[in-house]
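Please follow the chain in the view below from one end to the other. The paragraphs after it move from the overall fold to the packing of its parts, and then to single residues.

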Amino acid sequence: MRLSLLIIFCAVVLQAFTQSTYQRAQKSEYDFDYLRAKQLYEEAYAHNKNYRNAVKIARCSNELHQFEEVITWYKKARKH
């Protein structure tokens, strides 16, 4: 019982952390701070590998003119 509660608690905390990171990344993106947004989206992607995070990283990379990374991240997004 305690182990189950601990696992659920850890999952909730991890989800909240990822959500917080994603929200900070969105704010940075809206403030046109694409380098910081990209770093935060990469952090969110490390915790939650999904299509949305990969595409956001690709878009920030595009704004930073890092075109090879754009291709890499869109390929990762297609896998989800």
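A helix, as the word is used here, is a DSSP run marked H or I with at least four residues, and helices are numbered from the N terminus. By this reckoning, Ser 28 lies in helix H1, which covers residues 2–30. The model under discussion is a predicted one.

The overall plan may be considered next. The chain contains four helices and zero strands, and its pattern along the sequence is α-α-α-α. Of the 80 residues in the chain, 31% are buried. Among contacts between residues at least 6 apart in sequence, 39% join residues at least 24 apart.

Ser 28 offers a starting point in H1. Is this residue buried or exposed? Ser 28 has a relative accessible area of 11%, and because buried means under 20%, Ser 28 counts as buried. Leaving out residues up to four places away in sequence, Ser 28 touches Asp 33, Arg 36, Ala 37 and Leu 40.

The loop between H1 and H2 holds Phe 32. Phe 32 is not a glycine, yet its phi is positive, at about 65°. With a relative accessibility of 63%, Phe 32 is classed as exposed. In sequence, Phe 32 and Glu 63 are 31 residues apart, while their C-alpha atoms are 9.2 Å apart in space. Glu 63 belongs to helix H3 and is partly exposed, its relative accessible area being 43%.

Helix H3 itself runs over residues 51–63 and has 13 residues. From its first C-alpha to its last it reaches 19 Å, close to the 18 Å expected at 1.5 Å a residue. At the N-terminal end of H3, Asn 50 acts as a cap, with a side-chain oxygen 3.3 Å from the backbone nitrogen of Arg 52. Which residues of H3 are buried? They are Asn 53, Ala 54, Val 55, Lys 56, Ile 57, Ala 58, Cys 60 and Ser 61. A general point helps in reading such a list: an α-helix has 3.6 residues a turn, so residues three or four places apart point the same way.

After H3 comes His 65, which lies in the loop between H3 and H4. The phi of His 65 is near 60°, a positive value in a residue other than glycine. His 65 is exposed, with a relative accessible area of 59%.

The packing of the helices can now be described. Two packed helices are described by the angle between their axes and the distance between the axes. H2 and H3 pack at an angle of about 160°, and their axes are 9 Å apart. H2 is therefore roughly antiparallel to H3, since angles over 145 degrees count as such. Residues of H2 that make this contact include Tyr 34, Ala 37, Lys 38 and Tyr 41, and those of H3 include Asn 53, Ala 54, Ile 57 and Cys 60. H2 passes H3 in a left-handed crossing.

For H3 and H4, the axes come within 8 Å and cross at roughly 165°. These two helices are therefore roughly antiparallel to each other. Among the residues in contact are Tyr 51, Val 55, Ala 58 and Asn 62 of H3, together with Phe 67, Val 70, Trp 73 and Tyr 74 of H4. The crossing of H3 and H4 is left-handed.

How do H2 and H4 lie, and at what angle do their axes cross? The axes of H2 and helix H4, which covers residues 67–78, come within 14 Å and cross at roughly 30°. H2 is therefore roughly parallel to H4. Here too the crossing is left-handed, as H2 passes H4. Lys 38, Glu 42 and Tyr 45 in H2 meet Glu 69, Trp 73 and Lys 76 in H4.

Lys 38 brings these helices together in a single example. This residue is found in helix H2, residues 34–47, and is buried, with a relative accessible area of 6%. Its neighbours within four places in sequence aside, Lys 38 is in contact with Ile 57, Cys 60, Ser 61, Leu 64, Gln 66 and Glu 69. Of these partners, Ile 57, Cys 60 and Ser 61 also appear in the contact of H2 with H3, and Glu 69 is among the residues of H4 that H2 meets.

Technical notes
Residues are numbered from 1 along each chain as its sequence is written. This is a predicted model: local features need pLDDT of at least 70, side-chain atom pairs count only at pLDDT 80 or more; totals for chains, interfaces and linings use all residues. Side-chain values use heavy atoms; hydrogens and water are left out. The expected span of a helix is 1.5 Å times one less than its number of residues. Buried means under 20% relative accessible area, exposed over 50%, partly exposed in between (1.4 Å probe, protein chains only). A polar contact is a pair of N or O atoms within 3.5 Å; within protein, one must be able to donate a hydrogen and the other to accept it, and residues adjacent in sequence count only if both atoms are side-chain atoms. Contact means heavy atoms within 4.5 Å. Axes are lines fitted to C-alpha atoms, for helices over the stretch in contact, and angles run from 0 to 180 degrees between N-to-C directions. Angles under 35 degrees count as roughly parallel, over 145 as roughly antiparallel, 65 to 115 as roughly perpendicular and the rest as oblique. A crossing is left-handed if the near helix is turned anticlockwise from the far one by less than a right angle, and right-handed if clockwise.
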